Each structure stands twice: as structure tokens, then as C-alpha cells.
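Please work through the exercises below with the structure open beside the text. Each task is followed by a solution that proceeds step by step.

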Amino acid sequence: VETSVPFSAHKCEGPSRSVETTPQELISFFRDMALMRRMEIAADSLYKAKLIRGFCHLYDGQEAVAVGMEAAITKKDCIITAYRDHCIFLERGGTLLEVFAELMGRRAGCSKGKGGSMHFYKKDSGFYGGHGIVGAQVPLGCGLAFAQKYSKDENVTFTLYGDGAANQGQLFEALNISCLLELPAILVCENNHYGMGTAEWRAAKSPAYYKRGDYAPGLKVDGMDAFAVKQACKFAKEHALKNGPIILEMDTYRYHGHSMSDPGSTYRTRDEISGVRQERDPIERIRKLILGLDLATEKELKDMEKEVRKEVDEAIAQAKESPNPDPSELFTNVYAKGYGVEAFGADRKEVRAALP
Amino acid sequence: VETSVPFSAHKCEGPSRSVETTPQELISFFRDMALMRRMEIAADSLYKAKLIRGFCHLYDGQEAVAVGMEAAITKKDCIITAYRDHCIFLERGGTLLEVFAELMGRRAGCSKGKGGSMHFYKKDSGFYGGHGIVGAQVPLGCGLAFAQKYSKDENVTFTLYGDGAANQGQLFEALNISCLLELPAILVCENNHYGMGTAEWRAAKSPAYYKRGDYAPGLKVDGMDAFAVKQACKFAKEHALKNGPIILEMDTYRYHGHSMSDPGSTYRTRDEISGVRQERDPIERIRKLILGLDLATEKELKDMEKEVRKEVDEAIAQAKESPNPDPSELFTNVYAKGYGVEAFGADRKEVRAALP
Amino acid sequence: KEMTVREALNSALDEEMSADPKVFLMGEEVGEYQGAYKISKGLLEKYGPERVLDTPITEAGFTGIGVGAAYYGLRPVVEFMTFNFSMQAIDHIINSAAKSNYMSAGQISVPIVFRGPNGAAAGVGAQHSQCYAAWYASCPGLKVLAPYSSEDARGLLKAAIRDPDPVVFLENELLYGESFPISAEAVDSSFCLPIGKAKIEREGKDVTITAFSKMVGLALKAAEILAKEGISAEIINLRSIRPLDRATINASVRKTNRLVTLEEGFPQHGVGAEICTSVIEESFGYLDAPVERIAGADVPMPYAANLERSAVPQVEDIVRAAKRACYRAVPMAATA
Amino acid sequence: KEMTVREALNSALDEEMSADPKVFLMGEEVGEYQGAYKISKGLLEKYGPERVLDTPITEAGFTGIGVGAAYYGLRPVVEFMTFNFSMQAIDHIINSAAKSNYMSAGQISVPIVFRGPNGAAAGVGAQHSQCYAAWYASCPGLKVLAPYSSEDARGLLKAAIRDPDPVVFLENELLYGESFPISAEAVDSSFCLPIGKAKIEREGKDVTITAFSKMVGLALKAAEILAKEGISAEIINLRSIRPLDRATINASVRKTNRLVTLEEGFPQHGVGAEICTSVIEESFGYLDAPVERIAGADVPMPYAANLERSAVPQVEDIVRAAKRACYRAVPMAATA
Ligand SMILES: Cc1ncc(C[n+]2csc(CCOP(=O)(O)OP(=O)(O)O)c2C)c(N)n1
Ligand SMILES: Cc1ncc(C[n+]2csc(CCOP(=O)(O)OP(=O)(O)O)c2C)c(N)n1
Ligand SMILES: [Mg+2]
Ligand SMILES: [Mg+2]
């Protein structure tokens, strides 16, 4: 297939627009993205039903970045992202049950209910979270890449950050060090054009994020096209192993507000949102491709979506069954090695525990 | 006169190489720089005599930046710099007595002995210090520029920082904001090619500091040529008032080690240092110009240097006469308004004071 | 008359901006978005983008710019979306703001306010729940205020903006929507509270309970329960963590002879530890029981609701501690 | 045999790097320059630039990279040229390092050491003299160590590097050149000290003095003077600020019935306040006098030598406080 729009390259030769795929891949892209979409919509409902608390940042609209990236790499490559992390976790092999149980603060959650929406991890398949501080994950990701190179593992790290985060100074610090050390670090700017309520151009003098690395090469990618993402990530991985850091700017869009407290409609028009839905939706693009190539019928795809919906509903039901964390979990995992030291609850004469 | 080497410009049209001057200016450049040089050499001796303590960062070699900049601006323009601040203070109208008394921790010091070498200020002529944290002065300087624009004062702020500091993330953050707000902020990178013992290329993937602003214009200047500096600063001031931020990279050199604990010879060759002294010394350049134009004789210049030496010696003698700060000064200036609140010494039952 | 803390903060900002053209507000989403928690609602419209500045998400950069503007003589109010993010800019708060007046022997004063929600909210997890009261209040050169009620919020924020020194102003997200009765005096635009003075929220004679911010509300609830059991608790709303009002605290303890300290933050090196030590230093002989310290659990904030609840002080913790303090009238018994 | 603290730290680093290839050192000037204070002397030569990394002056960036490398399983030792500069990276220490193991329910442990000189040096002024012990030690998830002697330095640094959790390791520039006797056991490469345990540096029966880092030396000097006046002081070298060895401190106070806390940092919410409070909580009835707190003066560090001297604790301050504690045997007298 061809990518929808050409790549724009900065200080490098971009990859070709034609991407190889298989019928299975097309179908799995469709299915995976539909699952993500459904999962996030369900999280929205659970939030409104007050079963999810605090911050909750949804990923619907941006699914192509997750699936395209995963298709280009292996589980030995690392990924790290910010708080908008549900779908990346899923893509890395996490289960729906772990997602929903975590969101509801239950024992079966991927962080046993202790992390919450922003703090999902799956270290065994190279997913390092789930970080709540804007920009912090960028040096952390470069540190993963450092460790890969140090350990002579021939793998790379993809660090995802938003257009808002792209202005953070620590990004420039980490990029400079990564370039000096030629680390296999791929900086993926998910440009959904808003950082909370701030349009990119109001936060950045130069919103051409793929060029913001200055001396570091960059590539602008249609982040609504899973194949463009896949192609770019493949290219970036090769580049990074050979030459060090590269920036990928993914042009994408979040349908939801920034988090559940943001209606998402005061700083952008409804027309803008529905325009993207109609013309650039990542799932619809794949649906059209599949139908165009006669790989499945409309009905088959609809059935798949129904299946997906059922999966989600079942996971939610299961998650609801999962109990709250045991009260003793308050004092576990403070340290990997707690030396049995005494730690205190709010009333230290009433609640204390020896740290495991 | 002509500048020694052409300017290199980034995203702007640089100024012309020919600079206007007067005999008086030439002579005063010579005298001011000779005074600075002598002052720093004297500080070196005082340090070795243990009359100055702690950190002490000397400016000899970089004098042309201070005098050239001052010649292009007024005292309503602001300057802010790092810890290598003695000569900037002098240039802004501070006295030798204030310098030496501060260095020796005496009452007559510009900060009454409370600041020390790194913390000189002269707010009444627009000098805002004297900052010990690498890079911190860059946002601070942009804040001064913000205040100038906010107050509709038609002035600018020059923020000096080193090649080491040039990699600090907060610089990129402050520059972005300054560009968005079109602040009259001039970022002056004093590239003396080493940040402590680290050569510029070991600390920066791209040591072309005048280009590091990416979207912001920049100019590379021979920082050993006071006239090139003057021309660039004049140009930058005009530019900044009209268009906002600009970066000036001053190619300069420090003869001394980083601070008094650094011999300054482990990470660079003696040949390199003496080469710069012979070929690029900012004072010798002006001496040659003066002699070439017959504005003074060699003897007159030598006499001037003797005079300067005497001035310095006298100031030191005076500074030595200045008493230590009164013990009660321990508790002054903690706040501008202390509300008479009780503050404590090391033994609170023995020493306490009502804060003024 | 009632007013929410949000309205109190908003009106205080509004009045001080209108009184002094040098006052301006900067921070993330303070303008077009009207504030992440709507504290700055309407201000952009009223004062324009020169005085209500939306910044990029770059705390070190904009905080440094704010401090630099204060050097020049402006009076910036810097909003942190929450104080957790102030860590990215903490060097400017400590080294550039707090120490400049001293290092310059009074040349460079720094009239700036750093404000935003501090401490735990609800369900926001470990990285978004920290209380910074003890950290900032350890630093000479800073003043640190923490309002509880709407009156506090108005009076202290106005005092902070008018003060010539850097003030760290710690709000609480969960209080923003709470309504408090407010006096006619407190709604006047000249209203202002003194910095460094605590407020006795409720007089009592059996035990002193110190608290700040949201915890004052819990302490008041505990006092009601205690009253029913015949224990009369005196509740001190600290208002100012630095300067700390040692005089008021000690006077109260000398009267009640018992002390419970209450805070939401981590216990070690916390506000409670300082208050306990101040009382030991000044009123040791007056204490009839060991000081009781109630604080946040000594763990990162967990997300799950049941764990979160046990990580922050509850009314019953305070009641229990106060009772312990009261039943142990003889010091020796305390260590039995 | 004698060894300087510098040699102790250098040899500890060397041995741990040679024992575990996952250990590496990064920081400003740690390589070619051999360390700003020469702690890493010879290590670049021995282990090469892959394992001894000179970084640009960008603390947030390299600290984050260190933490990320620890996520992956390496064991970074991150040097801050001084801890004052750790403020630029403090978000990574607190939010990225300290809290990750908890937030991930144990998936992401963070075996990293943050080390460098902390607190006052000589004549370096307000921005370069702060003590960060209380701040870091308030944060669950971190361990905070502060060695005094060469034996401490070796044993604790080796323990820190081997520990699976983030450790903040607070050195003192003025101690680097000091020589201490060192036992044969302590020079063995297997030597290691337990984290969380204080050391009784000198036994005594009349008054307990707690201290850490450089202040332990002053306390020992004070003890000698006090001994001449018939007062027997027990000196506790805390070694570990978090976990704090409450058991050892309380046991000592239960014996001596008097306590002087000593630290160089700012007093408010300091280590002394915590120790005092711990003792009040656990041993209130044993105290025969108010706790005496000696700490840095509550002002930014002045440069002038005479002011600087009065801003940090001196031996005579300790002696005076200890005497006060001892002469006031009856609690009531304390408040006279
Ligand atoms: C250092 C810091 N400052 C502020 C915040 C509050 N905050 C959370 S997300 C966000 C917007 C980030 O926008 P962007 O980077 O574009 O990512 P997106 O949400 O669009 O995925 C802000 C301001 C934070 N978490 N951390
Ligand atoms: C944030 C921070 N990190 C480290 C230091 C220690 N330090 C002081 S000066 C310096 C080198 C700075 O070099 P450069 O910016 O080139 O300025 P120069 O000294 O050459 O004028 C370093 C590492 C510091 N003061 N602040
Ligand atoms: Mg965005
Ligand atoms: Mg330099």
C-alpha cells in the first residue's frame, strides 16, 4: 500500500511511501484499533459512572500510532510514554482485564490498583510506563536506549511525548546527550495539536516538531495512517541503530478532551473534530483499505467490532469482580528491599508495618 | 575600523564589518580592559594569599565582551550574567573598592560581603547579577526583558552565559517563550570553548551556538575584538526591539582556569593558551590599533597601565581597611519585609533576632 | 454570605490586578482556558493577554522569567497547575527567588507569588499528590502560606501579592469548590490578612490541634466529635507555615497541655515535627502527654480508593490521637 | 592504617565497578577531569568512557537518563557536582526514581545512586551551601545516607550501589581530604555497612547528641570538652537519614534522658525536628530536659567569613546546648 501523504524529512532521507503488508496485518490493524477505540469509550463511561477516579486521559483518535509502531518493532525494543498510556499498554500485550482493573483500582490491575490510569507498565514486554510529569519520560526513554547500547542489545527505545511536552527543556538536554553518545533513541512526538487547551502554535514558536532537534534528523509522519507509522518506525529503528537519535513527528488527533474534566470543545470547533473523524480516522482508513482489497466484507468487519465490544464488556465485568487491594498493600513496594524497617500510617500509633 | 573577521549570521542579515569609533573610545577601551585585566590578576594574588575564599572565577581574556557590549548600550538596558561577574560589574559602573571588598567579605563590598565573588549586583545601572547556577540566568534575563516590554521601556536585556550553559534545557524553554512574546531579549553566549574542563564539542553535539536557537536568529562574533562586539550588540539591540530575541555567540577565551582550584592546563595545551594570547588578545588588539593610528605613544599606554595598577593597589588597600560585616548582618536582608519575626542562629537559645 | 474558595481566590486576584498594574498572572492554561481549575476565570477577558499569560508547559522557563520580571520590579503571580510541577522550577524558587535579597544585601527584592493546588487531590496517584509545605517552609527567604477557608484565601492571597518577598501560596484542589461563610469586612477590596499569624478556629481547653489547608476542616469535624465526648479541642489554623506562628501555638499548648499535630504530607521532617519541636523547646514543662502526630502515611500516594483513604488522615485518626493525648495525663504513663 | 574520605569513596566506586559490570558512573567532569573533587580519579582510565561518562551541564537530562538506565536494570551512580544542582533534576529523583517501584507494584525497581557533596563548604555563598538531607529523607521510596568517616564512606557507598532502590548519598566537601583510621575489615572489598543503622561513635551516659556527616566530628570534639567538665556525652552518628534509626536514638535517650540534635542544614522541618519528635513519641517520659536543637542559622548562607562562621554550628554551640540539657534536670525548670 501507499502512505496517504509523503513523509517530510529533516537532515535525513525519508523512507519510501510504499509499505508492504499482508491481509492478516490489515485485519489485525483493524481489529486492534477497534479494540482500543472500544476500550477507551468504555473507560469514558466507567468514569462517568464514577468507577474510575482522578485523571483519565483517553487515546481514541491516536490508535494508528500505537499499532503502526508495534508492527515495526519487537518486544525487545522499549516503549515509554506519558499518562495517555492505556492503548500502548494493550498494544504491548497487556490485557483488557489488567487495564480496567487498574482503572478501577482493583487488585487485578496491571499495577495492582496502586498506579492508576497514568501508571501502566509491562516491563516483560518492554513497556516502561506510564509517566505523569510532562516531558519527564523523554530523558527516561533516552536512558533506556543508553542501557540497550551499554548492554550491547541491538534494540531501540521509542519515547512518546506530546506537542506540549515538545517544548520541555529536558528534551533538548536528553537529545543532546543522546546524540553525543549515539544512543538508539527514537523520539516520537505525538502531535495531536493541543496540549490541554493550548493549540500547538500558541505553545511553540516553531511547531515543526520533527525539525526541533536542530542537529538531529527528523521525519514528519501521518500519524492517522498505521502504515505510514509502521514504515517510519521501521526506518527510524534502522537509523537509530546505525546513527543514533531521530525524531518522528506523528500528525495525529485526540477525539476526547484532554482528560475527563475537559469537554475538549472550548478551544477547538466541533467542525474541526468531526472533520478529522470523517476524513482521517485511522480505523476508517483501514476499513476502506480492507473493503477495497476485498479482504473482508462490511459485515465481517461489523461482526469483528461486535466481538470486540463483547470482549471489552466481559473484561469490565471481570474487573468489577476483582477485589480492592488488600489493605496491607499500602506498605508493599515502597522499596524493592525494605529491610523490615518500620513505616507508619496516618496515625502511627495505630498503623505501622515492617516494610518488606 | 574594520572587524577582524566577518560575522556569521543565522536567520538574519548580519551587520556591516566597518564600525565607527572615536579616539576617545579607543583609548577608553584600552584603559577599561587594562583595568579589568589588572583587577583579575590582583584577585588571583589575593586568592593565593587566602584573602579571598571559596569559588573565584576570573574573566581575563574575555574583557572585549564586557567593554564592547557596554559601548553599544545604555544603563537602562539590563545585563545579567553567571558567576564570572567581576568585570561586568565594573563595566556597569561598579567601583574597584566594591569589587575587592566584596571578594574579601568586607562591609564595603557591593553586596556588603554577603554575596561573594559570584553574587555582584548593581541594580541602579541595570546589572542584575551574578548567578551561581549554570543556566539559571537565562530565563531570569528573559524575565527582565519581559518586564521591560511590559513596562513599555524601550530597552533590552543582555543575558550572558557560557558554552557549557548553552546546553541547559531552561535556555530552550526561555527562548521559546521569549520568541512567542517577542521579548527584547538578547542571549549572549560567551563561548570560551570550555565549560570547566570540558571542551565545547564534548558537551554539545552542535557547538554552533549562534544557530542553536533553531527558529531564533543568531550571529557569531569575534569576542576578542571589542569593536566587533560593539557592532553586534548595537545590531542586536535594534533587532530585539523590533523583532524579539537574537543570539550572539562571542568567540572568546579565558586565560585562567575555570576557577581558582583549576590550573586550567590539564584539558588544553599551554600552546593553545599562549597562541591566543599572542594572536587574539583583546587588549593587544586595541594597543596595536591605537599605535597604528598614532593616537598615543607606546609610553603613554604603558603609563596608563601603571596608573591602572596603582588604582587597583589603592582599592585593595582601601578594601583591606573595610571591616567585616557587623554580626547583626547575619539576620538582615533575609526578607525585604521581615515583620519582626524571630529568626534563629545555630544555637537558638543563645542567638535570635527580630527580622527587619 | 457565602463564598467558595475558588471565588475567593479569583476575586483576590482580580482586585489586586486592578489595584496595581504591576501585578500580572502567568501559567499554563490560565488565560483562554480560564485556568485548569478555573481560578483565573474572566481575568484574560478583563486584563488582556499582556497581563494574563498562557505559557507553554515549561515550568523552569516561565518561572525563571517570572522571577526575572520580579527583579525588575513587577509583581508576577505564577500559577503552577499543581505544585508537583513546581519541582521542575524549584531551583528558581529557592536559588533565584528566595536568596537574592540576601545575596545582594537588599538590592534585589523579589516580589513574586507562586501559587497553585498542593497536596493530595482525589485519585490522581503518586506523582500528583505531594505536599510541598515542609520543603518550601524550610527555606529562609521564602514565605509560605496555606489558606483553609474563603476568608483565608482572600486575605492571604492579597497579602501575598502585596508582599515584597517571594511567597509560596499553597492551595488545595479539593477546597476550591467548598463554600464558607464570609464577613462583610472580608469581601472588601482592602481586606488583607497578616502574614505569619495563625488563627484559632475554635477555642478549647483540653487539647490543641494544629492543622493547615484542608486538614483544618477535618480537625474541626474531629473537635465536634470530641466535644460530644467531653473533650474540648482548640483548633489552630496555621495559615502561615513560614513564618510559623510559634507564639500562638505555644500559648495554646500552655493552656491545654496537650498537642496533636495534623498534616497531609509525609511525616518525616514535616510540619508536625517542627511544631512538636518548637513546643518542646519553648513549653516542655507544660506538656502533660506526648505530642501526637497525624500525617500522611509514609508511602507514595496509592491510586486505589481504599488505599488512598488510608494514606491520608481521616477524622477518626484525629479523634483517636486527641483521646490518647487526653487520657494520658501523666507523662510517665506515656511510656509504660 | 589511615585513609581519607576521598580515597574511601574512590576505592568503593572502583571495587563496585569492578565487581559488577552493570555499575557505571556519570556526571559532570567525572572522567577526563578526574572529578571536580577528584573522587573518580583513575576510573576513566580503568573502566573506559563507556562506564565513566562525562556529561554536559544538564542535570535534568543526565539524571533522567540515569534513572531510565536503572529501569532497564543497570546500576548507575550519578554524581552531582554538588547537591545544590540536584534541584534541576529533583523531579526525576522524586517522581521518576522514588515512586516508580510503588506505582508499578514492584515491576520497575530503580537501583541508582545519586551522590555528591552536600551542605556548606567554605566561602561558596548562598547558592552553593544548602543541605538537602531533610528534603530527600522526607520522601518514601528513597534511602538517604550521609557518611562521616572513611569507614562510613566505604561501607555506605558500597551498600548504596548494591541496594536495589534509589539512594541519595550525601557527601561533604570539607571531609574529602580528612584522614580517618580504618580497620582491616573495612578495606576488604566485601565490606559493606547496613542501611538504616546508626552508629554510636562514642558511648556516654549523661546526654545523647545526634549528628550526621561533618557534624559528627564537631560532636566528638564537643564530647571531649564536655568530658573534661564531667559530662559524658553519647554521640550518635546517624549514617542513615532515611530509614532513620529510631530504635538506636530512643534507646540512647532512654539511657541518658537528655537529647541534643545537631545538623548543619536549616532548622525548620529539619532532621533535628524529626529526631526530637520521634523521641517525644516514643520516649517522652524519659526526657529530663527539653530537647536542644543546634542547626544552621535560619538564613541563606552569607559569604563573609565571620558571618559564615555564625551561620553554621560550632563546637561551643554544642557544648553550651549539652550543658543546658544537663543542668536542667527537672522538666519544670525548663520553662521557668
Ligand atoms: C511538568 C508538568 N506540567 C504540567 C502538567 C499538567 N499537564 C498534564 S498533561 C498536560 C498537557 C500535555 O500536552 P501534550 O504534551 O501535547 O500531550 P497530550 O495530552 O496532547 O497527549 C499538562 C499541562 C504535568 N503533568 N507536568
Ligand atoms: C546547574 C549547575 N551545574 C553545575 C554547576 C558547576 N559549574 C559551575 S561553572 C561550570 C562550568 C560552566 O561553563 P560555561 O557555561 O562554559 O561558563 P564559563 O565558566 O566557561 O564561563 C560548572 C559545571 C553549576 N554551578 N550549576
Ligand atoms: Mg498534545
Ligand atoms: Mg565556557
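The exercises that follow concern a predicted model, and they go from one chain to the contacts, the ligand sites and some single residues.

**Exercise 1. Describe the overall build of chain A, and decide how its radius of gyration stands beside the globule rule.**

Step 1. Begin with the secondary structure, which in chain A comes to 11 helices and 10 strands.

Step 2. The radius of gyration of chain A is 21 Å, close to the 21 Å given by the globule rule for 356 residues, so chain A is as compact as a globular protein of that length.

Step 3. Taken along the principal axes, the box filled by the C-alpha atoms of chain A is roughly 65 × 55 × 40 Å.

Step 4. Turn next to the interior: buried residues make up 65% of the 356 residues in chain A, and among the contacts in chain A with a separation of 6 or more, 74% join residues 24 or more positions apart.

Step 5. Finally, consult the record, where an unreviewed UniProt entry places the feature "domain: Dehydrogenase E1 component" at residues 31-327 of chain A. That span is 46% helix and 10% strand, and its end C-alpha atoms lie 38 Å apart.

**Exercise 2. Find out which helix gives the most to the side of chain C that touches chain D, and work out what symmetry relates the two chains.**

Step 1. Count the participants: the contact takes 46 residues from chain C and 46 residues from chain D.

Step 2. On the side of chain C, at least two residues each are supplied by α4 (90-98), α5 (100-103), α6 (133-137) and α11 (271-283), and α11(C) gives the most, with nine residues.

Step 3. Sorted by class, the residues on this side of chain C divide into 25 nonpolar, 14 polar and seven charged.

Step 4. For the symmetry, a turn of 180 degrees with a shift of 0.0 Å along the axis lays chain C on chain D with an RMSD of 0.0 Å, and that is the relation of a two-fold axis.

Step 5. Of the residues of chain C, C:H269 comes closest to the rotation axis, its C-alpha being at 2.3 Å, and the same surface serves both copies, since 100% of the contact residues of chain C recur in chain D.

**Exercise 3. Describe the contact between chain D and chain A, naming the helix with the largest share on the side of chain D.**

Step 1. This contact takes 38 residues from chain D and 33 residues from chain A.

Step 2. In chain D, α3 (59-72), α4 (90-98) and α5 (100-103) each supply at least two residues, and the largest share, 11 residues, comes from α3(D).

Step 3. By class, the side of chain D that touches chain A has 17 nonpolar, 17 polar and four charged residues.

**Exercise 4. Explain why the sites of ligand 1 and ligand 2 are described as shared between chains.**

Step 1. Around ligand 1 there are 19 residues, of which A:V134, A:G162, A:G164, A:A165 and A:G195 come nearest.

Step 2. The residues around ligand 1 come from chains A and C, so the site is shared between chains.

Step 3. Ligand 2 is surrounded by 19 residues, the closest being B:V134, B:G162, B:G164, B:A165 and B:G195, and because residues from chains B and D surround ligand 2, this site too is shared between chains.

Step 4. The shell around ligand 1 divides into eight nonpolar, seven polar and four charged residues, and the shell around ligand 2 has eight nonpolar, seven polar and four charged residues.

**Exercise 5. Is A:E329 buried or exposed, and which residues does A:E329 touch?**

Step 1. Locate A:E329 in the loop between α11 (298-321) and β9 (342-344) of chain A.

Step 2. Apply the cut-off of 20 or more other C-beta atoms within 10 Å: A:E329 has 21, so A:E329 is buried.

Step 3. Leaving out residues up to four places away in sequence, A:E329 touches A:K112, A:K114 and C:L307.

Step 4. A:E329 and A:R107 are 222 residues apart in sequence, while their C-alpha atoms are 9.7 Å apart in space.

**Exercise 6. Examine the backbone at C:P243 and at B:N333.**

Step 1. Recall that most residues other than glycine have a negative phi, and most peptide bonds are trans.

Step 2. The peptide bond from C:R242 to C:P243 is cis, with omega near -5 degrees, and C:P243 is found in the loop between β12 (240-242) and α10 (246-256) of chain C.

Step 3. B:N333, although not a glycine, has a positive phi of about 65 degrees; B:N333 lies in the loop between α11 (298-321) and β9 (342-344) of chain B, and B:N333 is buried, with 27 other C-beta atoms within 10 Å.

Conventions. Residues numbered from 1 in each chain as written. Chains lettered and ligands numbered in written order. Predicted model: local features only at pLDDT ≥ 70, side-chain atom pairs only at ≥ 80, totals over all residues. UniProt positions renumbered as here; feature names shortened; annotations may be inferred. Helix = DSSP H or I, 4+ residues; strand = E, 2+ residues; numbered from the N terminus. Nonpolar A, V, L, I, M, F, W, Y, C, P; charged D, E, K, R; others polar. Near = placed C-beta within 6 Å. Rg over C-alpha atoms; globule rule 2.2 N^0.38 Å. Buried ≥ 20, exposed ≤ 12 C-beta atoms within 10 Å, placed from the backbone. Contact = placed C-beta atoms within 7 Å. Least-squares fit on C-alpha atoms with pLDDT ≥ 70 in both.
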